Structure formats: C-alpha cells, structure tokens
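Here is a friendly briefing to read alongside the structure. Keep the sequence and the 3D view open as you go through the topics.

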Amino acid sequence: MTEILASVVRGACPHDCPDTCALLTTVENGRAVKVQGNPAHALTDGVLCTKVSRYTERTYHPERVLTPLRRVGPKGAGQFEPVDWDEALDDIAARLQAIAARDPQAILPYSYAGTMGLVQGESISARFFHQLGASLLDRTICASAGAEGLTQTLGNKVGMKVQFFAESQLIVIWGSNSIGSNLHFWRIAQEAKRQGARLVCIDPRKTETADKCHEHIALKPGTDAALALAVMHELITHGWLDQDYIDRYTLGWSGLRERAMQWSPERAAEVCGVPALQIRRLARDWGTTKPAAIRLNYGMQRVRGGGNAVRAIACLPALTGAWRHRAGGLLMSSSGHFPVRRAALQRPDLLGERRPRTINMSTIGDDLLREASPAFGPKIEALVVYNSNPVAVAPESGKVVQGFAREDLFTVVLEHFRTDTADHADYILPATTQLEHWDIHTTYGHTDVLLNQPAIAPVGQARTNTDIFRALATRMGFSDPCFAETDEQLCRLAIGDEQDFAVLLEHGFASLPVPDAPFAEGNFPTPSGQCEFFSQRLVDMGLDGLPDHLPNHEVPGSDARYPLAMISPPARHFLNSTFVNVQSLRDIESEPVLEIHPQDAEARGIADGAVVEVFNDRGCYCCKARVSERARPGVVNGMGIWWRKLGLNGTNVNELTSQKLTDLGRAPVFYDCLVQVRRSPATPAC
Ligand code: SF4
C-alpha cells in the first residue's frame, strides 16, 4: 500500500471579507485535499463560509489558466494560444518600454482586493509601477466613501473590537447582510441574542439577516443620514444623551445639535419611507440601552451621500457615551488599527521627483475612452490588471467593455481564470492562488494579523504576482535591490517589529494590542483627539463641516421613465465576482436574479421566474424575476455580481450602474441607480 504523505498548513483567507479567517489546508502527496477553518483562531472558530470551504474546487478547477496565453482573435473574443513565459514576458516588457519611452503615464495598473494580502496585493507590483512612473490608481471601488466619512469623524478606520459585540444588549446591524458577508460577526451577534440582546437590522432589502433580527427598518436606499439625524433629534428631545462624554470627548456639538433638530422623525420618515414610530423606537433603543453597538458596513455608502451618512451614524455612539463600554460603540472597519508599513512595501520614493496623474478606478469606463488632452494627459495605451475583474465589477460596464475592446489598448491580465476581463487581454498570465504563495494579512473586521504559508506548489505554470513583476522589472532594467526581496522578506517587512514573526510562523495568527474600549476616554486619532462631529478638514476642502443628508443623484420620482430604485447587493454564494465560476456555488445561486416586490411585479405583469429586462439610459440587463418581499416596494435588488458571459444576454447588473461619484472619497454609487423593468419580449430587446 502506498504511504500517504500528509501535512496541515496554516494560512489565511485572502478574500474581500471582514472576517479574514485562519485556514488549515490538508495536503496529501502534494495536493490540497481540504481547506478548513482553524479552530485555534477564536474568531474563525473552525468555521468557514460555504464559498471558501470549496476552495480546493476553485484551486483545481478544470478551467484554471495554467500557462501564459496570448491573444489570437479580435479583442474580447476570448481566443488565445499558449505561449511560454519568457516569450510572453519579453514581449510585455518591450511593449511597456516602448509606451513608457513616450510617456509612462499612458500605462495604468488596475488592481483591487482580489486578494487582501499585503504582499500579493500591492508590494513588488507597486514598486514596479512607481519605478516606471506609470499613472497612479485611486482605489475607490468598494469602500472609500465610508472610509473617508469614518476618518473625518473618528480619525481613522477604527472602532470597537468585534468579539465584544457578544456582550452588547443592543446591536444595530446597519447596511450589512451579515449572514452572507460577515458570517463570524453574525455568530457573535447570535451569542449576544442568546444573552438577551435586541438586534435591529437597517437595510432596504429584507435580507436573511433581517429575517433573524428582532426588527427590520427597510429604509429607501441613500436615506441613512436622514435616519441617523432623526435619531439624534430624539436623543436630544428626550435627554438620552451622555452630556459628560459629549463635553469631554467631542468637537462641534452645538452645530450638530442645531442640524439634528431640523430632522424630526416625521421629516425623516417622509425621506426614508419608514414609519416615524419606527424611527422613534430606534432612537429610544439607542438612547436607553447599554451597552449598545452598531455594526456598520459598506452597503449603505454606495450612494451620493454615502460619506456623510457614515459621518452621521459614526456620531451616534459618542452622543450616548456608548464608547465607555467595551461592548458599546461602532465598528465599520478596524483596518486603521494595524501599523502596516505601506511605504516600505510599495516604495513611492521610487517615483523620485515625478508626480504622475491619478486615475479613479471607478471611472475606468469613461477614462479608457478619453483621448489625450492637457487636462487628462496621455490616452491610456496599456493596462496591467491584477486582483480585479473590472469588466464585470466596474460601473457602467457598457462603456468599460467598449474601452477594453479598443484594439489599440495593450492589456495584460494576471488571473486564475478566463474572467470577463481576461477575455479582453492581449496576454493572460497565470497567477497563484492563496494555497500556493506566501502572504500576510491585516483585516477590516477584527484586530488579528494572519500569516499565509504556501501549502502546495504552484498549479501548472502559475507564478506569484510578486514573481511576475520581479521578472518584468528585470527585463525593464530596474536594478534597485528592492526588486530582489523575497515574499517571506516582504511578509516580515509589512508588519515590522510590531509582531513577532516567529509567533506567526508557529500559530498562523497574532493579536494586536488594541485596548478593549479604545475610546472610553476619547483618544480618537483625529487632529483634535476628539470625536469630530464638526470637521475643519472638510471645511478646508470646501465641504460642509457637519454631517447632513444628501439626496441621491438619482432620486426616485425624478424621472418618470425610470420609477424604480435599484441596489445590487452580492448574491450570498459569490464574493463580488469571485466564485461565480465555481459550479457548485453557481448551482446554488442558479441564475442572475432581480428581486422585485409583488406590487411592482403585478403592476408590470411580471410573474415569478419570468425573464425580465432591467434598463435605463446606460444599458439593459436581462435576468430572471424573483417576485419577493425581500424587495421593498419601489426598490429592486439586482443580485450581483455575475460574470457577464455567464449571464442570460452577456451582461450583468453593472450594465445599469453609473460612474457618478460619492460626496466623500470619490467612490462609485452602485446603489444610487434608477431603472425600469419589463417582461422580456419573445425577441429580447437587449
Ligand atoms: S470569505 Fe470571509 S467568512 Fe469566508 S472564509 Fe473568507 S474570511 Fe471567512
């Protein structure tokens, strides 16, 4: 009998999820056979979501790209031939060099959180583009409005420690389907519920999480700031304030007080589309329950006023002194607690005196179609895409596709699969998955650092992102010694001496020394050290120093042709566009779906399961109607994010979303979108 050589390797989940689970990968004879949650890591507790528990299916997927591929057909047709690494890298380097000789800003890196790892994310790649002098990318596509709102209020992306939600008596889950996208927080919230906590969910969609909370407040998309201001109104009116905390640890109270008093529950009820009684009940709960905590997530900031909404909500814990208790306060992101050495990792100093332009990743559709001009600079001639699938995930994808289809655009895509974006590449370079490389992870949902060690050798001819950019750097003649640093060295460099690397090697994770109640006595990382209801920095930018409700760009009722508001939350078994090609997960999701309220469906003669066209001036998306009270009247939920080529008519929900931006953070407004829906005719119009 053949002996099986087995081992278990510690790692970290790489996906864009606040839980950042600790993984254990079982390897037999060099092949990963199982990926599990590490039971020794308290927050993971041995449990993974359905998506990542299928990670071996993804790693050994029959459609994995295993060799470099070179385009042989028209742009976007997805026709490629295998090519050897040296030939591919030589040609890519030569073509980038030729463009850089004219103007390196004509080259654009495009990347996001396909991996959240600091090393395979932005390390050698950033060094490469800095040395080259390429355009900089403003990485805004997911969270920058909320991040800016939080930073302008609390001073950084900081908050309470997630484990202490277990001791809260009131948990407000605001803009988050925790069961689908923050599973380990949900387990903690369940623990609190068992101990008697009240759970309130605020979300336009009646999510699986809303089903299991005591109360669901189904407000209209983009009205969260109005709701928060009306809660403040009630806190003031009923004297449910911690005046001592306000006096000692906040800035701008009199201005905020005046602003909040303009928002009676009746006024907010009109704007939010919820009963005034429900707003009063939320305010009473928040004002009279201790400890009380808010789990705020990024869904609600994908609208014009998203930054202001986060600011308004982030003021609530200071008003009631919720921060005094370790189980009170707010958590949106914990990433600002981590002392990451980004400058050492990414080396912006390699730019020298050069100051390249910055392109916003959320307007890539428009920017790929721009000609050279004094205002814009050179036309984009080359794109290098890694850790991202912009053709599927960027807004107004009709324009994105048009841009990627430019025959004069040279596109290189580092990928695991032939995604919608990879189909538009000139070269696809096979990249390693998390089981095949080193990385180190901070997180935005808790306060532990995790180390990812490679469990298996690269599959096929896959190479790490770092290795690919090192190889290109060599060919471009970049001789700075920083390009020779190994991935393990980069892992150590990323966190410096703050963490004992030996502990990470042995256990796979280590906790940051964050105080249990970090803001019990103020000490916010703002310029004033206080929770800044009023922000002078915003005033200096020409903006309102106090939070306010800003109506959506596309307010329902403003255009009779498009009477429905649409949001596009993630389907439960996908993570952005990742996992859509994993058959067992796609089988669960079945087909691209639009949830529509029975009243809205009936008015349009739409039956459950009917093929519908969802459309506006930007495009038309074909999918199946799911007639359901998960959608509130007047709002449809376009569940995302399907790969376009796996959809019903080669489109996805981003065909409809716009490239308009948020009030703060220059972020996209995916949930600020008006549409109309009709039954699909026998010959579909789109
Ligand atoms: S996606 Fe989130 S819940 Fe799932 S394994 Fe990764 S970190 Fe954990």
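How much space lies in the largest cavity? The answer is about 70 Å³. Please keep in mind that this is a predicted model. The notes below cover the cavities, the ligand shell, the cysteines, some backbone features and a few residues with their contacts.

**Cavities**

- The structure holds 3 cavities of 30 Å³ or more.
- Around the largest cavity, the lining is made up of Pro18, Asp19, Leu43, Val162, Asn182, His184, Phe185, Ile188, Gly445 and His446.
- Sorted by class, that lining of the largest cavity comes to 5 nonpolar, 4 polar and 1 charged residues.
- The second largest cavity has about 40 Å³ of space.
- Its lining, that of the second largest cavity, consists of Gly222, Thr223, Asp224, Ala225, Met300, Val303, Gly305, Ala309, Asp548, His549 and Leu550.
- In the lining of the second largest cavity, 5 residues are nonpolar, 4 are polar and 2 are charged.

**Around the ligand**

- The ligand is surrounded by Cys13, Cys17, Asp19, Thr20, Cys21, Leu48, Cys49, Val52, His184 and Leu575.
- This shell around the ligand divides into 7 nonpolar, 2 polar and 1 charged residues.
- Asp19 and His184 belong to the ligand shell, and Asp19 and His184 are also part of the lining of the largest cavity.

**Cysteines and disulfides**

- How many disulfides does the structure hold? The count is 0.
- A disulfide is a covalent bond between the sulfur atoms of two cysteines.
- Take Cys213: its closest cysteine sulfur is in Cys201, and at 5.0 Å the two sulfurs are too far apart for a bond. The cut-off for a disulfide is a sulfur pair within 2.5 Å.
- Cys213 is buried, at 10% relative accessible area.
- For Cys531, the closest cysteine sulfur belongs to Cys315, 5.4 Å away, which is again too far for a bond.
- Cys531 is buried too, with a relative accessibility of 0%.

**Backbone features**

- Most residues other than glycine have a negative phi, and most peptide bonds are trans.
- Which peptide bond is cis, with omega near -5°? That is the bond from Lys290 to Pro291.
- Pro291 sits in the loop that runs between helix H14 (276–288) and strand S12 (292–296).
- Asn29, which is not a glycine, has a positive phi of about 50°. You will find Asn29 in the loop between strand S2 (22–28) and strand S3 (31–37).
- Asp45 is not a glycine either, yet its phi is positive, at about 55°. Asp45 belongs to the loop between S3 and helix H1 (50–53).
- Asp45 counts as partly exposed, at 40% relative accessibility.
- Gly321 comes just after H15 and has a positive phi of about 65°.
- Is helix H15 mostly covered or mostly exposed? Helix H15 (residues 306–320) is mostly covered, with 15 of its 15 residues buried.

**Glu28 and Arg31, on either side of a loop**

- Glu28 is found in strand S2, and Arg31 in strand S3.
- Both count as partly exposed: Glu28 has a relative accessible area of 31%, and Arg31 has a relative accessibility of 46%.
- Beyond its neighbours within four places in sequence, Glu28 is in contact with Ile4, Leu5, Ala6 and Val33.
- The C-alpha atoms of Glu28 and Val8 are 8.9 Å apart, with the two positions 20 residues apart in sequence numbering.
- Beyond its own neighbours within four places in sequence, Arg31 is in contact with Thr26, Tyr60 and Ile456.
- Arg31 and Tyr60 are 29 residues apart along the chain, and their C-alpha atoms are separated by 9.4 Å.

**Gly222, a residue of the second largest cavity**

- Gly222 is among the residues that line the second largest cavity. Along the chain, Gly222 lies in the loop between strand S10 (215–217) and helix H10 (224–238).
- Gly222 is buried, with a relative accessible area of 12%.
- Leaving out neighbours within four places in sequence, Gly222 is in contact with Val303, His549, Leu550 and Asn552. Of these, Val303, His549 and Leu550 also line the second largest cavity.
- Gly222 and Asp672 are 450 residues apart in sequence, while their C-alpha atoms are 7.0 Å apart in space.

Terms used:
Residues numbered from 1 in each chain as written. Predicted model: local features only at pLDDT ≥ 70, side-chain atom pairs only at ≥ 80, totals over all residues. Heavy atoms only, no water. Buried < 20%, exposed > 50% of the residue type's maximum accessible area, 1.4 Å probe, protein only. Near = heavy atom within 4 Å. Nonpolar A, V, L, I, M, F, W, Y, C, P; charged D, E, K, R; others polar. Helix = DSSP H or I, 4+ residues; strand = E, 2+ residues; numbered from the N terminus. 1 Å grid on protein atoms, 1.4 Å probe; cavity = no way out; pocket = protein on both sides within 12 Å on 5 of 7 lines; lining within 4 Å. Points joined across faces, edges and corners; volume = space filled by probe spheres on them. Contact = heavy atoms within 4.5 Å.
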